[in-house]
Amino acid sequence: MTALMGIDARLKLARLYLCTDARQEQGDLPDFLEAVLQGGVDLVQIRQKGMDKAAELDVLALARRIAMPYQGLVVVNDSPAVAGEFRADVLHLGQDDEKPKRARKSLHEWAKIGMSTHDPKQLKAAIADRDVDYFCVGPVWQTPTKPDYTPAGLDLVRAAAAAAPPSDPGAKPWFAIGGIADDTIDQVIEAGARRVVVVRAICDAPDPEAAARRLKDRLRQAWRDDPAMEAYSIRAVQ
């Protein structure tokens, strides 16, 4: 990676995406972010429900300062208004949030938009939507982070891999999400995923840096084991 790598290349080369709250209970957000980025996290989404806008902007600014030396991307959750004020590089939307085309009006011209998808219909819509730059598929397994969602299972991961092959430079990047940890990551890799989103596997780990490094190393190995991904990596930075 180089100091001049743009947002598009960083997104395409991303493997490990972390969603975390603001660590208010632990009171260790700066040290936590430093550790997980050192461990290999590529994107960090701060998802703290009920936080007022001023506090959220402060937390996002902190995350950006810490992520910058690692070329990590900081993701705003749900709110185009917050993303616009923050001058966010990445905004992530759920199915019930503002539509991507409208949300893009709040963002700078190089910003990226992600979309959560939970079934094949939503998956196809995200691929077809010109204002969606990446998408997530899941939850693969039941997770307390999304208790009201029925697990999508590995079939949705396989559907994403078929519809948007990770090694195709023309396909949108996508991430498997939901219940992914050391003991399940091989299953989503075997189903075709080359990028994952995690929450508890890192946030609840006694050593978040080591937890991030284990997951990132497994994803790196999956890319190395796939000749097509090696070629993709080269094209992503051109």
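Lys49 and Asp78 meet through their side chains in a salt bridge, with N and O 2.9 Å apart. This is a predicted model. The pair links distant parts of the chain, 29 residues apart. Lys49 sits in the loop between strand 2 (43-46) and helix 3 (53-67). Asp78 sits in the loop between strand 3 (73-77) and helix 4 (80-86). Lys49 has a relative accessible area of 60%, so Lys49 is exposed. Asp78 is partly exposed, because its relative accessible area is 23%.

**Other salt bridges**

The count comes to 15 salt bridges. Among them is the pair Lys112 and Asp8, whose closest N and O atoms are 3.3 Å apart. This pair also links distant parts of the chain: Lys112 belongs to strand 5 (residues 112-117), Asp8 to helix 1 (residues 7-13), and 104 residues separate them. Lys112 is buried, because its relative accessible area is 13% and the cut-off is under 20%. Asp8, at 34% relative accessibility, counts as partly exposed.

Another pair is Arg218 and Asp186, with side chains that meet at 2.5 Å, N to O. Here the partners come from two helices: Arg218 from helix 10 (residues 208-224) and Asp186 from helix 8, 32 residues apart. Arg218 is partly exposed, with a relative accessible area of 28%. Asp186 is partly exposed too, at 34% relative accessibility. Elsewhere, shared partners join salt bridges into a network made of Asp8, Lys12 and Lys112.

The three pairs are set out below.

| Salt bridge | N to O distance | Separation in sequence |
|---|---|---|
| Lys49 and Asp78 | 2.9 Å | 29 residues |
| Lys112 and Asp8 | 3.3 Å | 104 residues |
| Arg218 and Asp186 | 2.5 Å | 32 residues |

**Thr184**

Thr184 lies in the loop between strand 7 (174-177) and helix 8 (185-190). Asp186, the partner of Arg218, is in helix 8. Thr184 has 11% relative accessibility, and therefore counts as buried. What does its side chain reach? The side chain of Thr184 reaches the backbone oxygen of Gly179, at 3.0 Å. Gly179 also appears among the contacts of Thr184. With neighbours within four places in sequence left aside, Thr184 is in contact with Trp141 and Gly179.

Terms used
Residues numbered from 1 in each chain as written. Predicted model: local features only at pLDDT ≥ 70, side-chain atom pairs only at ≥ 80, totals over all residues. Heavy atoms only, no water. Helix = DSSP H or I, 4+ residues; strand = E, 2+ residues; numbered from the N terminus. Buried < 20%, exposed > 50% of the residue type's maximum accessible area, 1.4 Å probe, protein only. Polar contact = N/O pair within 3.5 Å; in protein donor to acceptor, adjacent residues only side chain to side chain. Contact = heavy atoms within 4.5 Å. Salt bridge = Lys/Arg side-chain N within 4 Å of Asp/Glu carboxyl O.
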